[in-house]
Amino acid sequence: MRVSEMIERYGLKVEAGEGGLDREVRAGYCGDLLSEVIANAAAESVWITVQGHQNIVAVAILREFAAVVISSGNKPDKETMDKANAEGIPLLSWKGSAYELVGKLFSEGLG
Amino acid sequence: MNRLRRTYPVRHGDFIHAGEASIHVKNTLKSLSYCPDLVRRVAICGYEAEMNLVMHGGDGVLTVVIAADEIRLEVADTGPGIENTELAMQEGYSTARDEYREMGFGAGMGLPNMKRNSDEITVDSSPGQGTAVTMVFSVGGRCP
């Protein structure tokens, strides 16, 4: 599934990084501790987190994530959006809880 | 292959540029066709080391030495040093400020992640003397 399809299917909002919407999503990970995420998430994951600060972009680049979803109604900082735009890392937002979105993604086969 | 050595300054408290050195190292290794698993491990260790400098270490430098048989990351800072390195290597031990914890750092996973993802690690530090961390990654024959 491409990031653009995921956005459409689950009603996610694009906050930044539109240049990366063609990326393929092959896995998923949910977490708010950056060390835990960088160590354990697979490449090409969609990462679901409540964090919206700019260091999420560095983690997404280093681990080659497909996209980052900021959940629970949180929004990325301006600096985070600037960085994501510059790097083409899709930053998406979701009003519901991480649990809810992860449940939907997992039940459709995204491990 | 000749040795390639690059040094990157890392500034204490600079969350804006945090991770950029590791991203550059990762991209360099990738462009040189090192194994994806090795690139992943170096990226994780570089990022953790950079964040340690940004949060705890004071100004410092991250140096990468790239060779055919091994990759080395050398990270040195002029910060306050580590009182008890054995304790600092334990999973879950952290001296991070609350504001860093709220950002998802300071879970006591940095040094353990570096130990787990490198083939050799040495931590040389004492209070008031700064910290020097060296990590070595062996370059194996075939990609796993």
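A β-α-β crossover counts as right-handed if, with the strands pointing away from the viewer, the path from the first strand over the helix to the second runs clockwise. Strand 3, helix 3 (residues 55-62) and strand 4 of chain A make such a right-handed unit; helices (H or I, at least four residues) and strands (E, at least two) are DSSP runs, numbered from the N terminus. The model is a predicted one, with local features needing pLDDT of at least 70 and side-chain atom pairs counting only at pLDDT 80 or more. Residues are numbered from 1 along each chain as its sequence is written, and side-chain values use heavy atoms, with hydrogens and water left out.

Chain A has an open sheet of 5 strands, in the order 1-5-4-3-2 and with mixed pairing (strands pair if DSSP finds at least two bridges between them). Strand 1 (13-16) and strand 2 (27-30) of chain A sit at the edges with a single partner strand each, so one side of each lacks a neighbour in the sheet.

Now for strand 3 of chain A. Its pairing with strand 2 of chain A is parallel, over 4 bridges, and A:Gly28 stands opposite A:Val46. Between these two strands the chain passes through helix 2 (residues 34-40) of chain A, again in a right-handed β-α-β crossover. Strand 4 of chain A also pairs with strand 3 of chain A in the parallel sense, over 4 bridges; there, A:Ala67 is the bridge partner of A:Val46.

In a regular strand the side chains alternate between the two faces of the sheet. On strand 3 of chain A, A:Ser45, A:Trp47 and A:Thr49 on one side and A:Val46 and A:Ile48 on the other are all buried (under 20% relative accessible area, 1.4 Å probe, protein chains only).

Technical notes
Chains lettered and ligands numbered in written order. Buried < 20%, exposed > 50% of the residue type's maximum accessible area, 1.4 Å probe, protein only.
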